[in-house]
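User: Please go through this structure with me, one question at a time. I would like the reasoning as well as the result.

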Amino acid sequence: MMSQSLVIVESPTKARTIKKFLPSGFQVKASMGHVRDLPQSASDIPKAYKSEPWSRLGVNVEKEFEPLYLVPKDKKKVIKELKEALKGADALYLATDEDREGESISWHLMEVLKPKVPVYRMVFHEITKSAIQKALKDCRQVDANLVHAQETRRILDRLVGFSLSPLLWKKIAYGLSAGRVQSAGLRLIVERERERIAFRQAQYWDLLATLGKGQSSFDAKLIEYQGKRIAQGKDFDSSTGALVSGKDLIHLKEDQAQKLQKELSLASWKVKSLEEKESSSHPAPPFITSTLQQEANRKLRLSAREAMRTAQRLYEQGFITYMRTDSVQLSQEGLAAARQNVESLYGKEYLSPEPRQYKSSSKSAQEAHEAIRPAGNQFVHPQESGLSGVELKLYELIWKRTLACQMASAKKLSLQVKVEAKEALFTASGTRILFPGFLRAYVEGSDDPEAALESQEVLLPDLKKEDLLDLKKLEVLSHETKPPARYTEASLVQTLEKEGIGRPSTYASIISTILERGYVNKVANALVPTFTGMAVVQLLERHFGDLVDYSFTSQMEGSLDEIAEGKRPYLPYLKDFYLGGKGLKVQVESKEDMIDPEESRSIKLPKLGSLQVKVGRYGPYVIRPGSDSKKDESRASLPQDLAPADLDAPALEEILKAQKDGPKPIGVDPKSGQEVYCLLGRYGAYLQLGKTPEDKKIKPRRASLPKGMDPREVDLSFALKLLSLPRDLGLHPETGKMISANNGRFGPYVVHEGDFRSLKKEDDVYTISLERALELLAEPKGGRRSSKLLKELGEHPKNKKPVQILSGRYGPYVKSGRTNASLPKEMDPEKISLEEALKLLEEKSKK
């Protein structure tokens, strides 16, 4: 038997892609991610270690912080297959990702497989023929420093989580947990909510004039009166609502604005000055991990996790370079491909005069890798990629951004006009695009570059100094200052990067962890802390301040970077962090008895008077203390999705009253004759048809209220509309089974026998027809590439469905009804007979 080399990667997709570029004699297998980890629960710990005091941690802190690594049950079969494949190999190539996680996976594979053949570490940042061939020639050994950095991070996370989580169970509520980096990220969100709670609104007025010259008109805004600037939103203190002291401004009130309106309506208006200025704007650098997550959130509404999962699939299929990077540089190959694309698509005049290379502004950036770009020396055009759904959208985003970074700067002409009327000064600004440059291809935050170009142009009429203008309209405008905006995933990633909290590869897990633990709710695109999240941050701030201190967290990341670069030994760092004089172990042991559970469960909120908000085992609740004892106190559960900054005493009093008096119907359903109620539950407000039956097995019809909707604003017609779901649309003509429409966690959908399809923007879940539902169900699921029909062989004798040969993502296959069977490599899809196809389908059905 001819010997061959074994290549191990993390996933089957990556294995299939890399296999295409390897010479014959190479076998590729997938490890399915990490093959070993620390114990996840007490039941995982082997009997030999259960009695050890450190076994719960999974790290022997008394013996050089030695981790207890175990192979999870679901990975034992994988390890067995890898060992079997290694038996016939004459060399082992470890081709896991080039970051710390990938290096760690390679090291663990060596530890578990114990290879007796030569081992090579194969690294590449894109899966193309040239990159794979180069990686084969330039193999190295596993980098111990990268492995130590990953292991140190894992141990730190375990020490923090397993030391503080039991404390949270005792002092706040069972099941809570604290994470090393997640806690600092959560604190950012909580602090923003506190700013919103402290916010005091200010109101101010100004004037807007519509002025004309000839047939043209434009708007001008009041900026000065009697030589003093008119106050705008930025001039008010957000915590008091008053003007910031020390500024000589006019805070225009409504009556003053109306008086000025009358005065200026009779004035003559003329151009006082014109200032023309030519400027250039330059394209943003190509994507790095953090900026890709931000733009994917802003433009495609993808979460950080969804963006990274999609990017991972694109990388593993060979469409883009490695997606975990903080380098903004492009290789010479990438530069040449981008510039060639620009010239062929837009013309030579749209190319930047010289190739653009960018420098990272982040102190922690590692410039050894490359920015995220389309893979190879010839970029695949999105329309020719064969991709669909979210994969196509994200690839197109990366493709456009890469091209734009090598395009010419946009040139603009700005004109600022100042117009005087008596003692008042108004201003108007205009912008004209002289040359669009990179804006033709890509505008940050905009889906449509052409539309964005149009919106950036504001044209003013041809004006000269001393020109007299006609006053067409003069409006008094009222304004209110707004509280600081809550974080979105995009703005949180931006702040995490700025503060040095975590690293680009960890941002997605930080956000997903705090959402999954119930510390944060996502309302529309905003991240809102829950009362539980506020309680956790409150306790950590009071007693373990360093762990949620941004600079301390950033310094920890810097230390891990130094370990990865071989500039710092990992063991002394771990010892100091956990066992040092001010180490975590000492802090937890000394402070545990000092932490008051009652205080820890109480959320400090202003504007509530005597009312108290607390967190318990079953979620948040409000208490109105009694006059003498606990016997006459009132309490009521609060919905989990209630935003702390939106809470005030009247709203809480209403919840307490509803709890005391019981629910009141908002009307009667004319069809059933049952009363309709709007109730508050643990997970928010919901509607219910009829009273709650005593028999808990009987479930009344219910519908959740849309997030952010005030239960007090719900009327009967809207309630009945929500309660009409799920809607039965009719029977599927092929199966005779019901098709239904409903609202779900990810939006409205139609479903048939467990096959779901999301509704499009133009569809309405309350009016969608059976015909439209059948159209949606016939479409391939989003994110998948649609299969191409090659030929139809005839009818299946049993299910009476057509037997088809299709070309799919992984090659040709035969399909009939819901059964698919891949064609063997030796079988020509053009020559296959109906009998051969039926045999393949029968074999697949048996399996």
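Analyst: A salt bridge here is a side-chain nitrogen of Lys or Arg within 4 Å of a carboxyl oxygen of Asp or Glu. The model is a predicted one.

User: How many salt bridges does the structure hold?

Analyst: Side chains of opposite charge can pair when their charged atoms come close. Under the 4 Å limit from nitrogen to carboxyl oxygen, the count for the structure is 48.

User: Which residue meets Lys213 in a salt bridge, and where does each of the two sit?

Analyst: Lys213 belongs to strand β7 (residues 203-213), and its partner lies in the loop between α13 (449-456) and β14 (468-480). The two are 254 residues apart, so the pair links distant parts of the chain. The N to O distance is 3.0 Å, and the partner is Asp467.

User: Is Asp467 buried or exposed?

Analyst: Buried means under 20% relative accessible area. Lys213, across the salt bridge, has 28% and is partly exposed. Asp467 has 15% relative accessibility, so Asp467 is buried.

User: Why are Glu295 and Lys299 separated by about one helical turn?

Analyst: Glu295 and Lys299 form a salt bridge, with the closest N and O atoms 3.9 Å apart. Glu295 is buried at 1% relative accessibility, and Lys299 is buried at 11%. Both residues belong to helix α9 (residues 289-300), and the separation is about one turn because their spacing in that helix is four residues.

User: What is the distance between the closest N and O atoms of Lys522 and Glu489?

Analyst: Lys522 lies in strand β15 (residues 520-523) and Glu489 in helix α14 (residues 489-499), with their positions 33 residues apart in the chain. Lys522 is partly exposed at 26% relative accessibility, whereas Glu489 is buried at 3%. The two form a salt bridge, and the closest N and O atoms are apart by 2.9 Å.

User: Which residues are joined into one network by salt bridges that share partners?

Analyst: A network of this kind arises where salt bridges have partners in common. The residues joined in this one are Glu10, Lys14, Asp97, Asp99 and Arg324.

User: Is Asp235 buried or exposed?

Analyst: Asp235 is placed in the loop between β9 (228-230) and β10 (249-250). Leaving aside residues up to four places away in sequence, Asp235 touches Arg229, Ile230, Ala242, Leu243, Val244, Lys247 and Leu249. With Lys247 there is also a polar contact of 3.2 Å between side chains. The relative accessible area of Asp235 is 0%, so Asp235 is buried.

User: Which residue's side chain makes a polar contact with that of Asp755?

Analyst: Asp755 sits in strand β28 (residues 755-758) and is partly exposed, with a relative accessible area of 24%. Beyond four places in sequence, Asp755 touches Val750, Leu777 and Lys781. Lys781 is 26 residues away in sequence, at a C-alpha to C-alpha distance of 9.4 Å. The polar contact, at 2.6 Å, is with the side chain of Arg757.

User: How is helix α3 oriented against helix α4?

Analyst: Helix α3 (residues 76-87) packs against helix α4 (residues 100-113) with the axes 11 Å apart and an angle of about 75 degrees. Angles of 65 to 115 degrees count as roughly perpendicular, so α3 is to α4 roughly perpendicular.

User: Which residues of α4 are met by Ile79, Leu82, Lys83 and Leu86?

Analyst: Ile79, Leu82, Lys83 and Leu86 are the α3 side of this packing. On the α4 side they meet Leu109, Val112 and Leu113.

User: Which are the edge strands of the open sheet β21-β22-β23-β24?

Analyst: The four strands of this open sheet pair in the antiparallel sense. Each edge strand pairs on one side only, and the edge strands are β21 (665-668) and β24 (702-704). Neighbouring strands in the sheet are turned against each other, direction ignored, by an average of 25 degrees.

User: Which residue is the bridge partner of Gly667 in β22?

Analyst: β21 pairs with strand β22 (residues 675-681) over three bridges in the antiparallel sense. The partner of Gly667 in β22 is Val676.

User: Which helix lies across β21, β22, β23 and β24?

Analyst: This helix runs at about 85 degrees to β23 (684-689). It spans residues 716-723 and is α22.

Terms used. Residues numbered from 1 in each chain as written. Predicted model: local features only at pLDDT ≥ 70, side-chain atom pairs only at ≥ 80, totals over all residues. Heavy atoms only, no water. Buried < 20%, exposed > 50% of the residue type's maximum accessible area, 1.4 Å probe, protein only. Polar contact = N/O pair within 3.5 Å; in protein donor to acceptor, adjacent residues only side chain to side chain. Contact = heavy atoms within 4.5 Å. Pairing = 2+ DSSP bridges. Axes fitted to C-alpha atoms, helices over the stretch in contact; angles between N-to-C directions. Parallel < 35°, antiparallel > 145°, perpendicular 65-115°, else oblique.
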